[in-house]
Amino acid sequence: MKVRQEIPFKGSVAERWYFYCPGCYAHRVAQGDTDEDALIRSLHVCSTAKHQFNFDADFPTFSPSILSNFTPGDVCHCYVVGGKIQFLDDCTHPLRGQTVDVLDIPTPDPYYELTKYRLEE
Ligand SMILES: [Zn+2]
């Protein structure tokens with residue numbers, strides 16, 4: 001599984017799907033993050049309000065492109081097509097310009113663990 005549906009907030013309508021980005025992960029590890037911190041900080045979330053998704057968890061495709069710059073100075077811009085990420089040239093991480101597989105969702109999944117409290121509300 002390469003993408004997973006986020007546990008929704010109460011009352012939210014759009015579905016949100018997330019994946020761990022190997023480009024942002026490599027960047028965070030190079031910055032000295034622990035594995036778990038690097039994973040959390042390499043998360044990208046796509047809302048079906050903004051992105052079209054093929055609903056295939058193993059060979060995901062999102063369109064349009066995904067742009068992430070939540071950390072000042074760090075840009076990740078990519079297409080996700082058929083389970084592969086095409087990193088564009090404006091990325092600031094080591095996989096800029098490359099095409100690689102989306103990371104498999106790890107077990108345990110740190111993001112899911114952080115957000116599962118939502119189920120109990
Ligand atoms: Zn990324």
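These exercises work through a predicted model of one protein.

**Exercise 1. The overall plan**

Task: Find how many helices and strands the protein has, and in what order they run.

Solution.
- Step 1. Count the elements: there are three helices and eight strands.
- Step 2. Read from the N terminus on. The order is β-β-α-α-β-β-β-β-β-β-α.

**Exercise 2. Size and packing**

Task: Compare the radius of gyration of the protein with that of a compact globule.

Solution.
- Step 1. Take the length, 121 residues. For that number, a compact globule would have a radius of gyration near 14 Å.
- Step 2. Take the value for the protein. It is 14 Å, which agrees.
- Step 3. Add the outline. Along the principal axes, the C-alpha atoms fill a box of roughly 40 × 30 × 25 Å.
- Step 4. Check burial. Of the 121 residues, 22% count as buried.
- Step 5. Check the range of contacts. Take contacts between residues at least 6 apart in sequence: 46% of them join residues at least 24 apart.

**Exercise 3. The five-stranded sheet**

Task: Give the strand order of the open sheet of five strands, and explain why β4 and β8 each have one side without a neighbour.

Solution.
- Step 1. Write the order: β4-β5-β6-β7-β8, with antiparallel pairing.
- Step 2. Look at the ends. β4 and β8 (99-101) stand at the edges and have a single partner strand each, so one side of each lacks a neighbour in the sheet.
- Step 3. Follow the pairing of β4 (residues 52-53) with β5 (residues 62-68). Two antiparallel bridges join them. Phe-53 has Phe-62 in β5 as its bridge partner.
- Step 4. Move on to β5 and β6 (residues 76-81). This antiparallel pair has four bridges. Here Leu-67 is bridged to His-77 in β6.
- Step 5. Recall the general rule. Strands of a sheet pair through backbone hydrogen bonds, either parallel or antiparallel.

**Exercise 4. The β2 and β3 pair**

Task: Describe how β2 and β3 pair, and sort the residues of β3 by face.

Solution.
- Step 1. Count bridges. β2 (residues 16-20) and β3 are joined by five, in the antiparallel sense.
- Step 2. Pick one position. Phe-19 is opposite His-44 in β3.
- Step 3. Sort β3 (residues 43-47). His-44 and Cys-46 form its covered face. Leu-43, Val-45 and Ser-47 form the uncovered one.

**Exercise 5. The core and helix α1**

Task: Find which residues have the most contacts inside the largest nonpolar core, and which elements supply at least two residues of this core.

Solution.
- Step 1. Start with the core. It has 18 residues, and Cys-21, Cys-78, Val-80 and Ile-85 have the most contacts inside it.
- Step 2. Name the suppliers. β2, α1 (22-30), β5, β6 and β7 (84-87) each give at least two residues of this core.
- Step 3. Zoom in on Cys-21. Leaving out residues up to four places away in sequence, Cys-21 touches Ser-42, His-44, Cys-76 and Ile-85.
- Step 4. Turn to α1. Its buried residues are Gly-23, Cys-24, Tyr-25, His-27 and Arg-28. They pack against β2, α2 (35-40), β6 and β7.
- Step 5. See what comes after the helix. Gly-32 follows α1 and has a positive phi, near 100°.
- Step 6. Set this beside a general tendency. In soluble globular proteins, nonpolar side chains tend to be buried together.

**Exercise 6. Buried or exposed?**

Task: Classify Leu-67 and Phe-55 from their C-beta neighbours inside 10 Å.

Solution.
- Step 1. Recall the cut-offs. A residue with 20 or more such neighbours is buried, one with 12 or fewer is exposed, and one in between is partly exposed.
- Step 2. Take Leu-67, in strand β5. Leu-67 has 13 neighbours, so it counts as partly exposed.
- Step 3. Take Phe-55, in the loop between β4 and β5. Phe-55 has 12 neighbours, so it counts as exposed.
- Step 4. Note the backbone of Phe-55. Its phi is positive, about 60°, although Phe-55 is not a glycine.

**Exercise 7. Cis peptide bonds**

Task: Locate the cis peptide bonds that lead into Pro-64 and Pro-108.

Solution.
- Step 1. Go to Ser-63 and Pro-64. The bond joining them is cis, with omega about 0°. Pro-64 is part of strand β5.
- Step 2. Go to Thr-107 and Pro-108. This bond is also cis, and omega is near -5°. Pro-108 sits in the loop between β8 and α3 (110-115).

Conventions. Residues are numbered from 1 along each chain as its sequence is written. This is a predicted model: local features need pLDDT of at least 70, side-chain atom pairs count only at pLDDT 80 or more; totals for chains, interfaces and linings use all residues. Two strands pair if DSSP finds at least two bridges between them. A nonpolar core is a set of buried Ala, Val, Leu, Ile, Met, Phe, Trp, Tyr and Cys residues joined through C-beta atoms within 7 Å. Two residues are in contact if their C-beta atoms, placed from the backbone, lie within 7 Å. The radius of gyration is taken over C-alpha atoms; the globule rule is 2.2 Å times the number of residues to the power 0.38.
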